[in-house]
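Please take a moment to look over the sequence and the structure shown below, and keep both at hand while you read.

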Amino acid sequence: MRVLIATPECFPFVTTGGLGEMVSGFVKALARCGYDVHVGLPLYGTLHPNGDWTKTDRIAVPFDGGIRLCSVWTHGSEGVTYHFIEYHAYFGGSNIYGGVNEGERFAFFCCALLAMCEAFCCLPDVIHAHDWTTALLPVYLNTTLTHTPLRQTATVFTIHNLNYQGLFSPSLLYRAGIPMSEFRSDRLEALGYVNFLKGALYHATKLTTVSPHYAKEIQTPSFGCGLDDVLRFKAADLIGILNGIDTVRWDPSNDPSIAAHYTYHNLEPKETCKQALRQALQLTNEPVPLFGVVSRLCEQKGLDVLLEILPHLLRNLSMQLVVMGSSEPSWEARLHDLERNFPNRLRVKIGYEADLAHKIYAGCDFCVMPSRFEPCGLNQMYALRYGMLPIVRETGGLADTVENCDEINGRGCGFVFRDLTNDALYNTVGWACATYFDRPQLFRTLQQNAMKRDFGWERSVHAYEEVYRWAVERRRGG
Ligand code: GLC
């Protein structure tokens, strides 16, 4: 089976967060299962083709009432063929998202991928699109392309984050070549705008999202971001499949970034990683638990609540905290203020450094993820793999991956709370701290439980294979 994965991000070429990480691990696992895997990405200005990449003849892309010519760069690695759409006027800059012509850029990206399939005579059995930037692909296949060979191609659309939908002025439909008849409330229209994501929800043959829990949540008004009615309507075609992680790159027994290697049979070397992390961050060596946050510092992640209780936590509990992530300037200033007030308790690193992320997972005892919503979340899985116990709110993928501590039976692998309130978060961090100090044996058992969990891609890839089979059958059956 030939599959074209359409995505705005894929590690290591270009990534701003979980989506790029997910796609990268997923496509390699799919190739290992014997699929003919192609990935389509824009050639952003930050990407520089090298000698291993080949440039094909230019292809003609029908767009904005005319024909645009663009080139495609192709590069193969680990059984996957990557295709990069080169069109300087849209992708030559360094920004991936945003800009005044964002909708136009990604509509063009979708048109270029479809033109590429036809020009290379490389018709996929399935086009698997990810998030709003590629959401017009299923729309084109069901509208403008129904008389072309692509009519046989099934579409699968994966929602990584329902909050980003791609809303644009209706005039974009003309430029994108989508019939105006699609601008209705049971298709692409929402609140007077063109809503890319909504188009995919209606037109994709099958829908998936990145955890079973989130698949249920988004069918309710509190998590549906205004599209819960559509998702309930499509419920029979929507399935939640938990993301895997790259267990080779994230492996405490063989990670070049960390000070000592360890497994669940012998966790002693993790202490060396803890000391090394403190030293690297100039934190004093105290007999206290080390907490870590590796996250985009934003409201989705519930970090406003953490920020509010942070002075109390640092004053009242024996703990140290390391925070790394990109942040709005106002939050950054507050974090740095707190760092000055609690120099031996808090370290803040703004931005993302991959090497430091590995050191944090290896060196910390607990990870804090109080997300308001979390489609999947990868960081809690990295944390579990490194024996760093997650403190999470019971939502989305966090609920599917972190089993709450059961003190009596020594089960579980983290600490879970339900409501995102100051008290709930404060008390759960307090519970984790108390477990560390008063129940060291239980703490160790939880770490081992965490490290024994299997988050490799194999299981999830089989679930996607099944979705592909259903989608192809449905499409070909009419
Ligand atoms: C998005 C979601 C995150 C998920 C990731 C990969 O970034 O917010 O929860 O893990 O996509 O699917």
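The paragraphs that follow lead through two sheets, a pair of helices and a few single residues.

Before we begin, please keep in mind that this is a predicted model, and that residues are numbered from 1 along the chain as its sequence is written.

A good place to start is the sheet made of six strands, which is open and has the order S16-S15-S14-S17-S18-S19, with parallel pairing. At its edges stand strand S16 (346-350) and strand S19 (415-417), and each of these has a single partner strand, so one side of each is left without a neighbour in the sheet. If you look from one strand of this sheet to the next and ignore direction, you will find neighbouring strands turned by 15° against each other on average.

Within this sheet, strand S17, which covers residues 366-369, deserves a closer look. Are its two faces covered or open? Both faces are covered, for Phe366 and Val368 on one side are buried, and Cys367 and Met369 on the other side are buried as well. Strand S17 also has partners that can be followed residue by residue. Strand S14 (residues 290-294) runs parallel to S17 and is joined to it by two bridges, and here Gly292 is the residue that stands opposite Cys367. Strand S18 (residues 389-393) is likewise parallel to S17, with four bridges joining the two, and in S18 it is Pro390 that serves as the bridge partner of Cys367. To pass from S17 to S18 the chain travels through helix H13 (residues 379-385), and the β-α-β crossover made in this way is right-handed.

We can now turn to a helix that meets this sheet and also meets another helix. Helix H16 lies across S17, S18 and S19, and runs at about 80° to S18. Its helix partner is H15 (residues 422-438), while H16 itself spans residues 440-452, and the axes of the two come within 5 Å and cross at roughly 115°. How are H15 and H16 oriented to each other? Angles of 65 to 115 degrees count as roughly perpendicular, and H15 and H16 are therefore roughly perpendicular to each other. Where they meet, H15 contributes Thr435, Tyr436, Phe437 and Asp438, and H16 contributes Pro440, Leu442, Phe443 and Leu446. Sorted by class, this contact of H15 with H16 holds six nonpolar residues, one polar residue and one charged residue.

A second open sheet is built from three strands in the order S9-S11-S10, and its pairing is antiparallel. Strand S9 (167-168) and strand S10 (189-190) stand at the edges with a single partner strand each, so one side of each is left without a neighbour in the sheet. Between S9 and strand S11 (residues 193-195) there are two bridges in the antiparallel sense, and the partner of Phe168 in S11 is Val194. Helix H6 (residues 196-203) packs on this sheet and touches S9, S10 and S11, with a direction that makes about 50° with that of S11.

The loops hold some details of the backbone that are easy to pass over. In the loop between S10 and S11 you will find Leu191, whose phi is near 55°, a positive value in a residue other than glycine. Leu191 is exposed, with a relative accessible area of 81%. Asp64, in the loop between strand S4 (59-63) and strand S5 (66-77), also has a positive phi near 55° and is likewise not a glycine. Asp64 counts as partly exposed, at 29% relative accessibility. A further detail concerns Pro12, which is placed in the loop between strand S1 (2-6) and helix H1 (18-32), and which is joined to Phe11 by a cis peptide bond with omega of about 0°.

The last stop is Asn243, which is found in the loop between strand S13 (238-240) and helix H9 (269-281). Is Asn243 buried or exposed? Its relative accessible area is 5%, and buried means under 20%, so Asn243 is buried. Which residues does Asn243 touch, leaving aside those up to four places away in sequence? Asn243 touches Met22, Val210, Cys376, Leu378, Met381, Trp457 and Ser460. Finally, Asn243 and Arg459 are 216 residues apart in sequence, and their C-alpha atoms are 9.5 Å apart in space.

Definitions and conventions
This is a predicted model: local features need pLDDT of at least 70, side-chain atom pairs count only at pLDDT 80 or more; totals for chains, interfaces and linings use all residues. Side-chain values use heavy atoms; hydrogens and water are left out. Buried means under 20% relative accessible area, exposed over 50%, partly exposed in between (1.4 Å probe, protein chains only). Two strands pair if DSSP finds at least two bridges between them. A crossover is right-handed if, with the strands pointing away from the viewer, the path from the first strand over the helix to the second runs clockwise. Axes are lines fitted to C-alpha atoms, for helices over the stretch in contact, and angles run from 0 to 180 degrees between N-to-C directions. Angles under 35 degrees count as roughly parallel, over 145 as roughly antiparallel, 65 to 115 as roughly perpendicular and the rest as oblique. Contact means heavy atoms within 4.5 Å. Ala, Val, Leu, Ile, Met, Phe, Trp, Tyr, Cys and Pro count as nonpolar, Asp, Glu, Lys and Arg as charged, and the others, Gly among them, as polar.
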